[in-house]
Amino acid sequence: MTAATWWAHEARRCGRQAFALPALAALATYAAVATGPPGGTLLGRALLTSALPVGAALAVAATVAREPMAELHLTLPTSYPRTVARRLAVLASFTAVAAGGLVGLLAASGHVVSPAVTLPELAGLTALLGGCAAWATAAIGSAAAASTLVVAACLAKLLLVDRMVPEGFAQALPALVLGAWLTALALRALADGGRLGARPGPEEAR
């Protein structure tokens, strides 16, 4: 199996929603910002910084929860957490392309957007919300719980963090670190449990 075939297989295993959700979020954001006044609106700014990360995070939850036979992967040479990490890498690559395209189109069409500020902020929030989604889905075993956590984290960012922390790298760097840590915890939970939300029973724990 060539590298191209291998990555194409992982992309198919992610499912259509892994690509549809970030793409739809980017399109909705562009439509909202492009149809607004040149100076932008509060809603447009909120969508620009959060819609794509939320869409990507929901896609992460769907990707982690998608595998119906996780136990079978434990018998394969490649570990299950590594397989999930590859699929998340595919999703992250697609989301990065969507973010770059969104910011590039807005800048090219004359809207007030700073790529040096917006792109790091998008990367940080995407990593943070994606890490929340991956951890909640893997450790708790519920994509619904992951979605709730993603929405709560996004609201906290919009209502609290944006008022106290400057935009750009001041928000992006801590979010990237925390997101990476949560993703690592999610992969560890998959390795320990062997299945989403799995926990050893009384007999297994002995």
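This dialogue walks through the helices, the core and the largest pocket of a predicted model.

Biologist: What should I know before reading values here?

Modeller: Residues are numbered from 1 along each chain as its sequence is written, and side-chain values use heavy atoms, with hydrogens and water left out. The model is predicted: local features need pLDDT of at least 70, side-chain atom pairs count only at pLDDT 80 or more, and totals for chains, interfaces and linings use all residues.

Biologist: How many helices and strands does the protein chain have?

Modeller: Both are DSSP runs, numbered from the N terminus: helices are H or I with at least four residues, strands are E with at least two. The protein chain has 9 helices and 0 strands.

Biologist: What share of the residues counts as buried?

Modeller: Buried means under 20% relative accessible area, exposed over 50%, partly exposed in between, with a 1.4 Å probe and protein chains only. Of the 206 residues, 39% are buried. Take L128, in helix 6. L128 counts as buried because its relative accessibility is 18%. Its C-alpha lies 7.4 Å from that of A180, 52 residues away in sequence.

Biologist: How do I read one helix, say helix 2?

Modeller: Start with span; the expected value is 1.5 Å times one less than the number of residues. Helix 2 (17–34) has 18 residues and reaches 25 Å from first C-alpha to last, close to the expected 26 Å. Then look at burial: A18, P22, A25, A26, T29 and V33 are buried. They lie on the same side of helix 2, because their arc around the axis is only 95 degrees. That arc is taken from the directions from helix axis to C-beta atoms. On the other side, L24 and L27 are exposed.

Biologist: Which residues have the most contacts inside the largest nonpolar core?

Modeller: A nonpolar core is a set of buried Ala, Val, Leu, Ile, Met, Phe, Trp, Tyr and Cys residues joined through side-chain atoms within 4.5 Å. The largest has 28 residues, with V60, V64, V84, L129, A133 and L190 having the most contacts. Helix 6 gives the most to this core, 7 residues.

Biologist: Which residues lie nearest the centre of the largest pocket?

Modeller: A pocket is an open set of 1 Å grid points, over the protein atoms alone, where a 1.4 Å probe fits, with protein on both sides within 12 Å along at least five of seven lines; lining residues have an atom within 4 Å of a point. This one has 24 lining residues, with V60, L88, A92, T126 and A127 nearest its centre. Helix 5 gives the most to the lining, 9 residues.
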